[in-house]
Amino acid sequence: MKSCVLAYSGGLDTSVILGWLQDQGYEVHAVYVDLGQPCEDREAIMQKARDCGAKSSRLIDVREELCRDFAFPVLAWQAKYEQIYLLGTSIARPLISKVCLEVAREVGATAFAHGATGKGNDQCRFQLAAEALDPKVKIIAPWRIEEFRELFPGRTELIDYCDAKKIPVKASAAKPYSSDENVLHISYEAGQLEELDVNGVELVDFGMGVSPQDAPDQPEEVTIGFEAGVPTTLNGKQVNALEMVESLNTIAGRNGVGRIDMVENRFVGMKSRGVYESPGMTVLYDALMYVEQLTMDRDLMHLRDRMAPEVAEMVYYGFWYTQKMDALFAFIRDAQKHTTGEVTLQLYKGNIMVASRTSPNSLYDAEIATMEGGGSYNQDDAEGFLNIQGLPSRVQGTVTPRKY
């Protein structure tokens, strides 16, 4: 009997794939990686896997690891894909691959199956991560297999299959958009969201917070403390990574923070439309930025900012377990070593405003920066500074005058 591990979410695709793999002669070990999916019934998902014939089904809780070892290093880079996406799905995929390969090693399975489509990014993230960890692993991606696509050419046929087999799934013909959940965010795509004239934030039933219009009419303050670029305290209380993200999801969610609607460039080359909500991480990105403004050297910050899109791209594409990424994470740990401090933010109807900030490592010196008379900065020094800075322009303007 052939044996494989299936990254099992209990959603539409993996519910169908579990049965299809058994038809292909595989005994299937279903692995639900608990990433803090906020809207899922874990016991029902595990029971469904058992009812559908899985050889084994197990839930593996990696919520703290996801926040601590995957999300927070990306946060330290201030990495956003195409300036807006906080990479909530992308960050989780290499961790799912790692967990599934650990189970495969334990049960003696030689194959790793997933439900990502042949058009999307997740197939890249799963496979690139898995092959980096185990170069000999066999990847089973049913959506890239013609026989599977002939049986299930689209979501309608998948839904019909589940209806016929009485397999409970969230998707329906009436609302056929797809969602992916974890503690960092929820993403929504497909179905009516593929039509760009549809208002995505009005269509989607969001699971992590209220709309800005329905948020309270008074701002709510939240105070976050950082040590070496890592968020460690919330409203004066020491918390672990998971508690930080979950608590901020609640606080920011009830204030309508963290929703976006974007058209993005997938790794495989096409543009796609996604709606995302990421309340807690949105607050953390802003909070860290305000502490960095006090503590991070200008040239170091600008270098980080130039490199951050590269990091975001690598995470988005799936190149997590690479030497280049190892080196980039080593760089940011050193770059953030002085980023310690505390910031108080006001959250109001989807907006984030800074109320105060402080750091023992602050490079801000009011005696130097003051616009009042006196202070320790000698404005006479700027004369020579600008003479030197302007020298190349003066020479160029003499040799090749510009019309004006």
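**Exercise 1. Find out how strand 7 (residues 186-189) and strand 12 (residues 271-277) pair, and over how many bridges.**

Solution. Start with the two strands: strand 7 and strand 12 run in the antiparallel sense and share 3 bridges. Strands here are DSSP runs (E, at least two residues), helices are runs of H or I with at least four residues, and both are numbered from the N terminus. Two strands pair if DSSP finds at least two bridges between them. Next, pick one residue: Ile186 has Glu277 in strand 12 as its bridge partner.

Before going on, a word on the source: this is a predicted model, where local features need pLDDT of at least 70, side-chain atom pairs count only at pLDDT 80 or more, and totals for chains, interfaces and linings use all residues. Residues are numbered from 1 along each chain as its sequence is written, and side-chain values use heavy atoms, with hydrogens and water left out.

**Exercise 2. Work out which strands sit at the edges of the open sheet 6-7-12-11.**

Solution. First, read the order: 4 strands make up this open sheet, 6-7-12-11, with antiparallel pairing. Then look at the ends: strand 6 (178-181) and strand 11 (259-265) each pair on one side only, and these are the edge strands. Finally, the twist from one strand to the next averages 25°. That angle runs from 0 to 180 degrees between N-to-C directions, with axes fitted to C-alpha atoms.

**Exercise 3. Decide in which sense strand 1 (residues 2-7) pairs with strand 2, and how many residues of strand 2 (residues 26-34) are buried.**

Solution. Strand 1 and strand 2 pair in the parallel sense, over 6 bridges. Within this pair, Cys4 is opposite Val28 of strand 2. As for cover, 8 of the 9 residues in strand 2 are buried. Buried means under 20% relative accessible area, exposed over 50%, and partly exposed in between (1.4 Å probe, protein chains only).

**Exercise 4. Is Thr89 buried or exposed? And which residues does Thr89 touch?**

Solution. Locate it first: Thr89 belongs to helix 4 (residues 88-107). Its relative accessible area is 5%, so Thr89 is buried. Leaving out residues up to four places away in sequence, Thr89 touches Asp122, Arg125, Asp180, Asn182, His185 and Ser187. A contact means heavy atoms within 4.5 Å.

**Exercise 5. Sum up the whole protein: how many helices and strands are there, and what share of its residues is buried?**

Solution. Count the elements: 14 helices and 14 strands. Then the cover: 48% of the 404 residues count as buried.
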